[in-house]
Amino acid sequence: MTMPHKQIDSSGWIDNQRAIKRRNGVFAFENNMQIERRASMDRGDMGNNSSIHMGIHTGTHMDAPKHVIADGKTIDVMPLSDAIGPARVIEIK
């Protein structure tokens, strides 16, 4: 299996994140990502500024136990060590 997007740093860690783009696939029942230009130098504004609206399942992400377990931990209180360890990466085109 080839994964042209994987990056291996000097420590041996593999970064398998994908960039968030307008045309990313989304999870069932999620809306496609929307990007709204709120300010534009082309329109005479002092700077460029945008808003992004996207479902939580857009791109590379991790669901906390609270996503499916009523009294589960939320992502902000989960120890980072819960997300580190052996993994199988499967590329689905």
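Here are some worked exercises on a predicted model of a protein.

**Exercise 1: the overall layout**

Work out how many helices and strands the protein has, and which pattern they follow along the sequence.

*Solution.* Start with the count: there are 4 strands and 0 helices. Now read along the sequence, and you get β-β-β-β. Next, look at burial: out of 93 residues, 13% count as buried. The accessible surface adds up to about 8300 Å², and carbon and sulfur atoms own 53% of that area. Last step, the contacts: take those between residues at least 6 apart in sequence, and 26% of them join residues at least 24 apart.

**Exercise 2: a nonpolar patch**

Find out which residues form a nonpolar patch on the surface, and how much accessible area they have together.

*Solution.* The members are Ile 20, Ile 35, Ile 52 and Met 54. Together they put about 340 Å² of accessible area on the surface. Let's check two of them.

- Met 54 sits in the segment after strand S4, which spans 49-53. Its relative accessible area is 36%, so Met 54 is partly exposed.
- Ile 20 belongs to the loop between strand S2 (14-15) and S3. With a relative accessible area of 43%, Ile 20 is partly exposed too.

A patch member needs over 30% relative accessible area; Met 54 has 36% and Ile 20 has 43%.

Now for the neighbours of Ile 20. Skip anything within four places in sequence, and Ile 20 is in contact with Met 33, Met 54 and Thr 58. Ile 20 and Thr 60 make another pair to look at: 40 residues separate them in sequence, while their C-alpha atoms are 8.1 Å apart in space.

**Exercise 3: placing His 53**

Decide whether His 53 is buried, partly exposed or exposed, and list what His 53 touches beyond four places in sequence.

*Solution.* First, locate the residue: His 53 is part of strand S4. Second, take its relative accessibility, which is 48%. Exposed would need over 50%, so His 53 counts as partly exposed. Third, collect the contacts: Asn 32, Met 33 and Gln 34 are the residues it touches, once those up to four places away are set aside. Finally, take the pair His 53 and Asn 32: they are 21 residues apart in sequence, and 8.6 Å lies between their C-alpha atoms.

**Exercise 4: hunting for salt bridges**

Count the salt bridges and say which side chains meet.

*Solution.* Begin with the principle: side chains of opposite charge can pair when their charged atoms come close. The cut-off to apply is a nitrogen to oxygen distance within 4 Å. Applying it gives 1 salt bridge. The partners are Asp 45 and Arg 43, at 3.4 Å from N to O. How accessible are they? Asp 45 has a relative accessible area of 30%, so this residue is partly exposed. Arg 43 comes in at 53%, so this one counts as exposed.

**Exercise 5: Ser 40 in its loop**

Determine whether Ser 40 is buried or exposed, and which backbone nitrogen its side chain reaches.

*Solution.* Ser 40 is in the loop between strand S3 (34-39) and S4. Its relative accessibility is just 6%, and buried means under 20%, so Ser 40 counts as buried. The side chain of Ser 40 reaches the backbone nitrogen of Asp 42, at 3.2 Å. Leave out neighbours within four places in sequence, and the contacts of Ser 40 are Asp 45, Gly 47 and Asn 48. One of these, Asp 45, is the salt-bridge partner of Arg 43.

Conventions. Residues numbered from 1 in each chain as written. Predicted model: local features only at pLDDT ≥ 70, side-chain atom pairs only at ≥ 80, totals over all residues. Heavy atoms only, no water. Helix = DSSP H or I, 4+ residues; strand = E, 2+ residues; numbered from the N terminus. Buried < 20%, exposed > 50% of the residue type's maximum accessible area, 1.4 Å probe, protein only. Contact = heavy atoms within 4.5 Å. Areas by Shrake-Rupley, 256 points an atom, 1.4 Å probe, with all protein chains shown as cover. Patch = residues over 30% accessible without salt bridge, like charges linked within 9 Å, V, L, I, M, F, W, Y side chains within 5 Å. Polar contact = N/O pair within 3.5 Å; in protein donor to acceptor, adjacent residues only side chain to side chain.
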